[in-house]
Amino acid sequence: MMNNPLISSYIVVAMIGIMIFFTIAVAPTVFKVLPPEWASKYVRSFFPKYYAVLGVLSIIAAYFASNALTSGLLIVCAVLFLFALWILTPAINKASDAKERNKFGVLHGLSVVINVVQLIIFVYLIWP
């Protein structure tokens, strides 16, 4: 832990912006504008990058965090991003390909819950 809370806070604020922008601007637009097969292809290409970038940013923010609690919460978020990248996304894609709607729904729901929890943690970390 390097203890430069300003850098850590800037990174956390940037991650909040990325997550909110994707949720309210990118995802709805993709599914409204592109045909379903193209939207699916785009999302499959996008999410690994999304999880990897946010996971790395979480680790960097943890490195600069001002205290152990902040660092620990950021590491938890990083682990969740990496779980989503390496475990959850492939499972979601497999369920989608196999047309297992219930399994897809559960796994996608889990990914949404994880994302919301991460966003809540990030907001908590910057709340005055």
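## Helix packing exercises

The axes of helix H2 (residues 36-63) and H3 come within 7 Å and cross at roughly 165°. This is a predicted model, in which local features need pLDDT of at least 70 and side-chain atom pairs count only at pLDDT 80 or more, while totals for chains, interfaces and linings use all residues. Residues are numbered from 1 along each chain as its sequence is written, and side-chain values use heavy atoms, with hydrogens and water left out.

**Exercise 1.** Work out how H2 and H3 are oriented to each other.

*Solution.* Start with the angle: axes are lines fitted to C-alpha atoms, for helices over the stretch in contact, and angles run from 0 to 180 degrees between N-to-C directions. Next, apply the cut-offs: under 35 degrees is roughly parallel, over 145 roughly antiparallel, 65 to 115 roughly perpendicular, and the rest oblique. H2 is therefore roughly antiparallel to H3. Finally, H2 passes H3 in a left-handed crossing (the near helix is turned anticlockwise from the far one by less than a right angle; clockwise would be right-handed).

**Exercise 2.** Find the salt bridge and place its two partners.

*Solution.* Recall the criterion: a side-chain nitrogen of Lys or Arg within 4 Å of a carboxyl oxygen of Asp or Glu. The structure holds one such pair. Its side chains belong to arginine 44 and aspartate 97, at 2.5 Å from N to O. Now place them: arginine 44 sits in helix H2 and aspartate 97 in helix H3, 53 residues apart, so the pair links distant parts of the chain.

**Exercise 3.** Describe how H3 meets H4.

*Solution.* The axes of H3 (residues 68-97) and H4 (residues 101-126) come within 10 Å and cross at roughly 160°. These helices are therefore roughly antiparallel, and their crossing is left-handed. By class, their contact has 19 nonpolar, five polar and one charged residues (Ala, Val, Leu, Ile, Met, Phe, Trp, Tyr, Cys and Pro count as nonpolar, Asp, Glu, Lys and Arg as charged, and the others, Gly among them, as polar).

**Exercise 4.** Set these helices in the whole chain.

*Solution.* Count first: the protein chain has four helices and zero strands (DSSP runs numbered from the N terminus: helices are H or I, at least four residues, and strands E, at least two). From the N terminus on, the order is α-α-α-α.
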